[in-house]
Amino acid sequence: MVNFHILTLFPEMVLQGLHTSILGRAAGRGDISIEAVNIRDYTTNKHGRVDDYTYGGGAGMLMQAQPVYDAYKSVADRIGEKEGKKRKPRVIYLTPQGKTFCQEMAQELAKEEELIFLCGHYEGIDERVLEEIVTDEVSIGDYVLTGGELPAMVMVDAIARLVPGVLHNDESAQTESFGNGLLEYPQYSRPEVWHDKQVPQVLLSGDHAKVDAWRLEQSLLRTKERRPDLYENYRKEHPQTKQKGTHSKT
Ligand code: ADE
C-alpha cells in the first residue's frame, strides 16, 4: 500500500488522469490511495494568488513559499497523526534539475508508505521552501514541461504498478522491459498469419523451455540493437551470457 499525495495547482488534471484504468481500480480496491491537494486553497493572499515576481528581475513569476509550505504541512501533519512517526515523509519535487527518474528509483519508492509530490508552475518555486521540505528532486527527462503535474503522474503510474496487488498478474511487473535490465521480447496474438506475417513457429510449439530461450535471445538482440548502454550493463552482470549478433526478423 502506498498513499500518494500530490501538491498542485491543478488537482482535477492529476486526479482525472490517475483515477483511470488500472490505477483507478487499484485505488477503488484500496491497494493505493491518490489525493491531490490544491496549493491555492492554502494561500493567505486575499485575492487567492500563489505567485509573485522574482527578486533580481527576469521573466516570469515564481510560486511563493507560504502556500506551498502550508499545503505541505497539512499533509505532513495528517500523516504524522496517523502514523505517530517522527520520520518525515519523502517529498519529491518535479524539476528538470533533478536526478533522472528510472525503474530502479520507482522500485525503491514503491517501498514507502507515504509519498508527497510537489508540482511547480510558472518559473519555479521560491528556493527557501524547497530547502525546508524537499527530500528528492526528480526529472523525468531532459526536456522542459510547463509544470510538474505530468512528471508527477508519470512517477505515480510507474511506482503504483509495482505496489503488490495493483497488477493482478504479479509476473508482468517482473518479466517486462527493465525488470531484468533488458528490453522486452516481441509478442504476438491471434491470428497466426496477419498481412502475410507468420507468428514465429517456436511460440506455437508448446515447448516452454524453448519459448523461454527464444524470448531471452530476442530480448538480448533487441537490447543490443536499441539500447547498447543497457546491453553493456547486462553483460557485465551476466558475463556467462553469449554475445548476440544482429537481429533477425524470422
Ligand atoms: N518540470 C518541467 N519539466 C520537467 C521535467 N522534465 N521533469 C520533471 N519536472 C519538470
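Here are some questions and answers about a predicted model.

Colleague: How many salt bridges are there in this structure?
Modeller: This is a predicted model, so side-chain atom pairs count only at pLDDT 80 or more. What has to come together is a side-chain nitrogen of Lys or Arg within 4 Å of a carboxyl oxygen of Asp or Glu. By this rule the count is 10.

Colleague: Which residue forms a salt bridge with Glu114, and how far apart are the closest N and O atoms?
Modeller: Look over at Lys82, which pairs with Glu114. The two sit in distant parts of the chain, 32 residues apart, with Glu114 in strand β6 and Lys82 in helix α3. Their closest N and O atoms are separated by 2.9 Å.

Colleague: Is Glu114 buried or exposed? And what about Lys82, buried or exposed?
Modeller: Buried means under 20% relative accessible area, and exposed means over 50%. Glu114 comes out at 5%, so that one is buried. Lys82 has 55%, so Lys82 is exposed.

Colleague: Where does Glu108 lie, and which residue meets its side chain in a salt bridge?
Modeller: Glu108 is in helix α4, and its partner is 18 residues away in strand β5. The N to O distance for the pair is 2.8 Å. Glu108 is partly exposed at 37% relative accessibility, while the partner is buried at 17%. That partner is Arg90.

Colleague: Which parts of the chain does the pair of Glu112 and Arg90 tie together?
Modeller: Their side chains meet in a salt bridge too, at 3.3 Å from N to O. The two are 22 residues apart in sequence, so the pair ties together the loop between α4 and β6, home of Glu112, and strand β5. Both residues, Glu112 and Arg90, are buried.

Colleague: Which residues are linked with Arg90 in a network of salt bridges?
Modeller: We've already met two of them: Glu108 pairs with Arg90, and so does Glu112. The network takes in one further name, and the full list alongside Arg90 is Glu108, Glu112 and Asp136.

Colleague: What is the accessible area of the nonpolar patch that includes Leu150?
Modeller: Leu150 is in helix α6 and is partly exposed, with a relative accessible area of 46%. Its companions in the surface patch are Phe10, Met13, Tyr143 and Leu145. Together the five add up to about 440 Å².

Colleague: Which residues does Val154 touch, not counting residues up to four places away in sequence?
Modeller: Val154 also lies in helix α6 and is partly exposed at 39%. Its C-alpha atom is 9.4 Å from that of Leu18, 136 residues apart along the chain. The residues Val154 touches are Phe101 and Ile140.

Technical notes: Residues numbered from 1 in each chain as written. Predicted model: local features only at pLDDT ≥ 70, side-chain atom pairs only at ≥ 80, totals over all residues. Heavy atoms only, no water. Helix = DSSP H or I, 4+ residues; strand = E, 2+ residues; numbered from the N terminus. Buried < 20%, exposed > 50% of the residue type's maximum accessible area, 1.4 Å probe, protein only. Contact = heavy atoms within 4.5 Å. Patch = residues over 30% accessible without salt bridge, like charges linked within 9 Å, V, L, I, M, F, W, Y side chains within 5 Å. Areas by Shrake-Rupley, 256 points an atom, 1.4 Å probe, with all protein chains shown as cover.
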